[in-house]
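Here's a quick tour of a protein chain, helix by helix. Have a look at the model first, then read on.

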Amino acid sequence: MSAIGLYVPGTGPLHRIPAGPKLLGLLVVGAALLVAADPWVSLGALAASLVVYPLVGLHPRRALGVLRALWPFLLAIGTFQALFGAWEEGLRLCAQLATLVLLANAVTLTTRVREMLDLFERLARPLRHVGVNPDRVALVLALTVRSIPMVATAWRAAREGYRARGLSGRPHLLVVPVIVQLLRMADATGEALVARGIDEETRLGTD
């Protein structure tokens, strides 16, 4: 999980592109891969996404770290498709997923969080007419971004406890400790928001 990180300062070409065009490009690539629906096109896109990292000034180990975090999911998808469908379909799905996660991570690493949140807040402004508060949309997105390292911390803590007890070969035992830790973090975050009066408007509206 720690491989999927936040902004990394730099001066590469992707750093100089605003958040809007980067997200639009990511959307276009995703749509093109879905429309093409071809395993070889998806594999080519995957190779290109790996090349993107050094080209934009990001160390290749960041891309490899993402693939290490993804491989259990890719293995499960590929195995399921091979057993109950066509291996070509599994290959296409795995390549598409890896490509989009790699490109999304590259966008995250080269875009300041504040810039990303400002963009989403601007996009949400028209929703004021239907009662949506753009500031709250930005807050939710900020908390979502913050949850990435929180999940990584919970996973590392559960894994260290797992190893300390001498357990092996039963990774499913990590699920419950991670969920419990995340629930505790969520409670602490909620209490901190209420203590700062951020949720006061909602609570007053429901009283």
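## Two helices and a core

The 18 residues of α1 should span 26 Å at 1.5 Å a residue, and its end C-alpha atoms are indeed 26 Å apart, which agrees. (That expected span is 1.5 Å times one less than the number of residues in the helix.) Seen down the axis of α1, the buried residues fall within an arc of 75 degrees, so they line one face of the helix. The arc is that of the directions from the helix axis to the C-beta atoms.

Before going further, a word on the ground rules: this is a predicted model, where local features need pLDDT of at least 70 and side-chain atom pairs count only at pLDDT 80 or more, while totals for chains, interfaces and linings use all residues. Residues are numbered from 1 along each chain as its sequence is written, and side-chain values use heavy atoms, with hydrogens and water left out.

Which residues of α1 are buried? They are Ala 19, Lys 22, Gly 30 and Leu 33. Buried here means under 20% relative accessible area, exposed means over 50%, and partly exposed is in between (1.4 Å probe, protein chains only). On the other side of α1, Leu 24, Leu 27, Val 28 and Val 35 are exposed. The cover over the buried residues of α1 includes α2, α4 and α5 (113-124), with contact meaning heavy atoms within 4.5 Å.

Zooming out for a moment, the protein chain has eight helices and zero strands. Helices (H or I, at least four residues) and strands (E, at least two) are DSSP runs, numbered from the N terminus. Of the 207 residues of the protein chain, 27% count as buried. Among the contacts with a separation of 6 or more, 70% are between residues 24 or more positions apart. The accessible surface comes to about 12900 Å², and 67% of that belongs to carbon and sulfur atoms; the areas come from the Shrake-Rupley method with a 1.4 Å probe, and for residues only the protein chains shown count as cover.

### The turn into α2

Ala 37 sits in the loop between α1 and α2. Its phi is near 50 degrees, a positive value in a residue other than glycine. Ala 37 is partly exposed, with a relative accessible area of 41%.

Asp 38 then caps the N-terminal end of α2, and its backbone oxygen also pairs up with a side chain. Both pairs are in the table. A polar contact is a pair of N or O atoms within 3.5 Å; within protein, one must be able to donate a hydrogen and the other to accept it, and residues adjacent in sequence count only if both atoms are side-chain atoms.

| Atom of Asp 38 | Partner | Distance |
|---|---|---|
| Side-chain oxygen of Asp 38 | Backbone nitrogen of Trp 40 | 2.8 Å |
| Backbone oxygen of Asp 38 | Polar side-chain atom of Ser 42 | 3.0 Å |

### Along α2

Helix α2 (residues 39-55) has 17 residues, which should span 24 Å at 1.5 Å a residue; the end C-alpha atoms are 24 Å apart, which agrees. Its buried residues are Pro 39, Ser 42, Ala 45, Leu 46, Ser 49 and Tyr 53. Looking down the axis of α2, these fall within an arc of 115 degrees, so they line one face of the helix. On the other side, Trp 40 and Leu 55 are exposed. What covers the buried residues of α2 includes α1 (19-36), α3 (60-84) and α4 (87-109).

Ser 42 counts as buried because its relative accessibility is 0%. Not counting residues up to four places away in sequence, Ser 42 touches Leu 33, Arg 92, Ala 95, Gln 96 and Thr 99.

Gly 44 is also in helix α2, but it is partly exposed, with a relative accessible area of 40%. The C-alpha atoms of Gly 44 and Ala 95 are separated by 8.8 Å, although the two are 51 residues apart along the chain. Just after α2, Gly 57 takes a positive phi of about 90 degrees.

### The nonpolar core

How many residues does the largest nonpolar core have? It has 15, and those with the most contacts inside it include Tyr 53, Leu 58 and Val 66. A nonpolar core is a set of buried Ala, Val, Leu, Ile, Met, Phe, Trp, Tyr and Cys residues joined through side-chain atoms within 4.5 Å. The elements giving two or more residues to this core are α2, α3 and α4, and α4 provides the largest share, five residues.

Leaving aside neighbours within four places in sequence, Tyr 53 is in contact with residues including His 59, Arg 62, Leu 102, Asn 105 and Leu 109.
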